[in-house]
Amino acid sequence: MSQKQFLPFALPDIEEEEIQEVVDSLRSGWITTGPKTKQFEQDFSAFIGGNVEAIAVNSATAGLHLTLEAIGINPGDEIITTPYTFTATAEVIRYLGAHPVFVDIDPVSFNIDPKKIERAITPQTKAIIPVHFAGLACEMGEIIKVARKYDLKVIEDAAHALPATSKGEKIGALDTDATVFSFYATKTITTGEGGMIVTRNPEIAERCRIMRLHGISRDVFDRYNSTSPSWHYDVIAPGYKYNLTDVAAAIGIHQLKKVWRFHERRKQIADRYNEALSESSIILPPADNDYEIHAWHLYVIRLNEQSRISRDEFIQVMSSRGIGCSVHFIPLHILTYWKEKYSLKEMDYPNAYNAYKHAVSLPIYTKMSDEDVDRVISSVMEILG
Ligand SMILES: Cc1ncc(COP(=O)(O)O)c(C=O)c1O
């Protein structure tokens, strides 16, 4: 057992600028949604480009819920998505009384297999939610093509995908209805908890903006800063409490400025893992390339028969050596609620199930030193013999 300090699976990278900006918010007296949230939205839409509007929310889960509501999802509708995701992607569908229809993943990328989508479409299908697993873009051209053919909406779950690209275009700027990013503590940039909806559709943007704050027709900042009476507002729908606070946006403004620096470090770590582990028997994540950006939110290896150790034992031994690992994901179809609700069996989605059985997420984050990276590599190599 190593005497070294425990290397956590993930850590946020917060520097002095974020701290000072939070202090500034606290001192300013404006701690909930206000000028910093507005600035974060403007900066984010400028970063994505393509004239998208950005709507800040307090989680990607909230953002996904709002976008589905905004495109008019109703009870009984069906939405196609992947079982190889976090439960948030599918739970928001249930919030609206609609049903997720799972489509198995591609065994290499772990992204939804576009060739299988068409078979899952029924007269009830209204939308597709692709998830860019680990930060590698789905085959969006294929997905958009099938969506157009059947008049379906596309909402991208880009929780892992800042700053990923698809055919050279930033995720968020593609020709889909909306894209939702997550700023949870472990993501490629963070606000602690937080998320961002981006869309080029002004109606979706407007609806999300209103519904993120109780269905009130004017947001709080406008109410207190406009010339008409500040106490007056109207409610046009039973909305939600999903607004991002300025305290969180203060962190986000500075995190966003560092997105490329953070990305470069993640990519360096991924490249180092790829190089060092290529001699081992394990299967590495799909190769990165020069013309596409992989966000490298996660670095997922797969054990196989030659590994001589089970996935669970592997994680156990890594932990006993002071290295935190994780599993992405336990597929939804084997989790109690989803399994029972839709009578699903393990082998209904064999690629998702097999991916899960062998997957290990290694630590990959900007605060890791080169020594930390080498420590992970030597542990993996020693365990695999
Ligand atoms: C694929 C995916 N979608 C959605 C979410 C939800 O993000 P948030 O925690 O910001 O609600 C996560 C969170 O980890 C995720 O991994």
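This short talk goes through the ligand site, the salt bridges and one buried acidic residue of a predicted model.

Let me start with the ligand, which has 16 residues around it, and of these Thr61, Asp157, His160, Ser182 and Lys187 come nearest. Three polar distances are worth reading out: an N or O atom in the side chain of Thr61 lies 2.5 Å from an oxygen atom of the ligand, the corresponding distance for the side chain of Ser182 is 2.7 Å, and for Ala60 a backbone N or O atom is 2.9 Å from a ligand oxygen. Taken alone, the ligand would expose 390 Å², and the protein buries 91% of that area. As for secondary structure, the elements that give two or more residues to the shell around the ligand are α3, residues 60-70, and α4, residues 87-95.

Turning to charges, the structure holds 20 salt bridges, and I will take three of them in turn. In the pair Glu18 and Lys258, the side chains meet with an N to O distance of 2.8 Å, and this pair links helix α1 to the loop between α9 and α10, 240 residues apart. Both partners are buried, Glu18 with a relative accessible area of 1% and Lys258 with 6%. Next, Asp24 forms a salt bridge with Lys36, the closest N and O atoms being 2.4 Å apart, and here helix α1 is linked to helix α2 across 12 residues. In this case Asp24 is partly exposed at 41%, whereas Lys36 is buried at 10%. In the third, Arg209 and Glu53 meet at 3.0 Å, N to O; Arg209 lies in helix α7 and Glu53 in strand β1, so the pair ties together parts that are 156 residues apart in sequence. Arg209 counts as partly exposed at 24%, and Glu53 is partly exposed as well, at 27%. Glu18 and Lys258 also belong, with Glu15, Glu17 and Arg261, to one network of salt bridges that share partners.

That brings me to Asp13, in the segment before α1. Which side chain of opposite charge is nearest to this buried residue? It is that of Lys367, at 4.3 Å, and Asp13 has no salt bridge, because the cut-off for one is set at 4 Å. The side chain of Asp13 does make a polar contact with the side chain of Thr366, at 2.6 Å. Leaving aside residues up to four places away in sequence, Asp13 touches Glu18, Gln255, Phe262, Thr366 and Lys367, and Glu18 is the residue already mentioned as the salt-bridge partner of Lys258.

How values were computed
Residues numbered from 1 in each chain as written. Predicted model: local features only at pLDDT ≥ 70, side-chain atom pairs only at ≥ 80, totals over all residues. Heavy atoms only, no water. Helix = DSSP H or I, 4+ residues; strand = E, 2+ residues; numbered from the N terminus. Buried < 20%, exposed > 50% of the residue type's maximum accessible area, 1.4 Å probe, protein only. Lys, Arg positive; Asp, Glu negative; His and termini not counted. Polar contact = N/O pair within 3.5 Å; in protein donor to acceptor, adjacent residues only side chain to side chain. Contact = heavy atoms within 4.5 Å. Near = heavy atom within 4 Å. Areas by Shrake-Rupley, 256 points an atom, 1.4 Å probe, with all protein chains shown as cover.
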